[in-house]
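Colleague: I would like to learn how to read a model like this one, feature by feature. Could you give me the general idea each time, and then the case in hand?

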Amino acid sequence: MAISKSFKHGSKCVYCGCTEPLYFTIDHIKPKAKGGTDALENLQTTCVLCNFFKGSRSDKDFKLMLKHLGELHKIKAVSVNASGKINVYLS
Ligand SMILES: [Zn+2]
């Protein structure tokens, strides 16, 4: 499938901002596995890595996952108290 300039954010990955065209792939915003189509409005440019990790997740679910991954980098410490409650301390 040829890359069209009408794709959303065609010059960079919509998730990580990568601008290297060699790594670009065409991603279905709503995955085909979940009923998404090949219509242009359902296509966007992502890099290979983001597309791989997104898998069959929806755009919304993948953005949520990226947000959580970003928060993981900020974790300074995790503790579990006697009643099993988990406390996460961010830096
Ligand atoms: Zn990316």
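Colleague: Of the contacts in the protein with a separation of 6 or more, what percentage comes from residues 24 or more positions apart?

Modeller: This is a predicted model, and in it residues 24 or more positions apart supply 43% of the contacts with a separation of 6 or more. The elements behind the fold are two helices and four strands, which follow one another along the sequence as β-β-α-α-β-β.

Colleague: Before going further, how should I take the confidence values into account, and which elements have the lowest and the highest mean pLDDT?

Modeller: The general idea is that predicted coordinates should not be read in detail where pLDDT is low. Here the average pLDDT of the protein is 83, and 89% of the residues score at least 70. Among the elements, β4 has the lowest mean, 77, while β2 has the highest, 91. Residues 1-6 stay under 50 throughout, and the model gives them seven contacts beyond four places in sequence.

Colleague: Let us take β2 then; is this strand enclosed or in the open?

Modeller: In a regular strand the side chains alternate between the two faces of the sheet, so each face deserves its own look. In β2, five of the five residues are buried, so the strand is largely enclosed by the rest of the structure. Both faces are covered, with L43, T45 and C47 buried on one side and Q44 and T46 buried on the other. For comparison with the whole chain, 16% of the 91 residues of the protein count as buried.

Colleague: Which strand pairs with β2, and in what sense?

Modeller: Strand β1, residues 24-28, pairs with β2 in the antiparallel sense over five bridges, and within this pairing F24 stands opposite C47. Both F24 and C47 also belong to the largest nonpolar core, whose six residues are C13, V14, Y15, F24, C47 and C50. Leaving aside neighbours within four places in sequence, C47 is in contact with C13, C16, C18, Y23 and F24.

Colleague: Why does T46 count as buried?

Modeller: A residue is called buried when 20 or more other C-beta atoms lie within 10 Å of its own, and T46 has 29, so T46 is buried. Its contacts, apart from neighbours within four places in sequence, are C13, V14, Y15, T25, D27, N51 and K54. The C-alpha atoms of T46 and C18 are 8.1 Å apart, although 28 residues separate the two along the chain.

Colleague: K54 appears in that list; where does K54 lie, and what does K54 touch?

Modeller: K54 lies in helix α1, residues 48-54, and touches D27, T46 and F62 when residues up to four places away in sequence are not counted. K54 counts as buried because 21 C-beta neighbours lie inside 10 Å.

Colleague: How many residues of helix α2 are buried, and what span should its length give?

Modeller: At 1.5 Å a residue, the 14 residues of α2 (residues 59-72) should span 20 Å, and the end C-alpha atoms are 20 Å apart, which agrees. This helix is hardly covered, with one buried residue among its 14.

Colleague: Finally, is β3 enclosed or in the open, and how does it pair with β4?

Modeller: None of the six residues of β3 (residues 75-80) is buried, so this strand lies largely in the open. β3 pairs with β4, residues 86-90, in the antiparallel sense over five bridges, and one bridge joins A77 to Y89 in β4. Five residues lie between the strands of this hairpin, where G84 takes a positive phi near 90°.

Conventions
Residues numbered from 1 in each chain as written. Predicted model: local features only at pLDDT ≥ 70, side-chain atom pairs only at ≥ 80, totals over all residues. Buried ≥ 20, exposed ≤ 12 C-beta atoms within 10 Å, placed from the backbone. Pairing = 2+ DSSP bridges. Contact = placed C-beta atoms within 7 Å. Core = buried A, V, L, I, M, F, W, Y, C linked by C-beta atoms within 7 Å. Expected span 1.5 Å × (residues − 1). pLDDT = per-residue confidence, 0-100.
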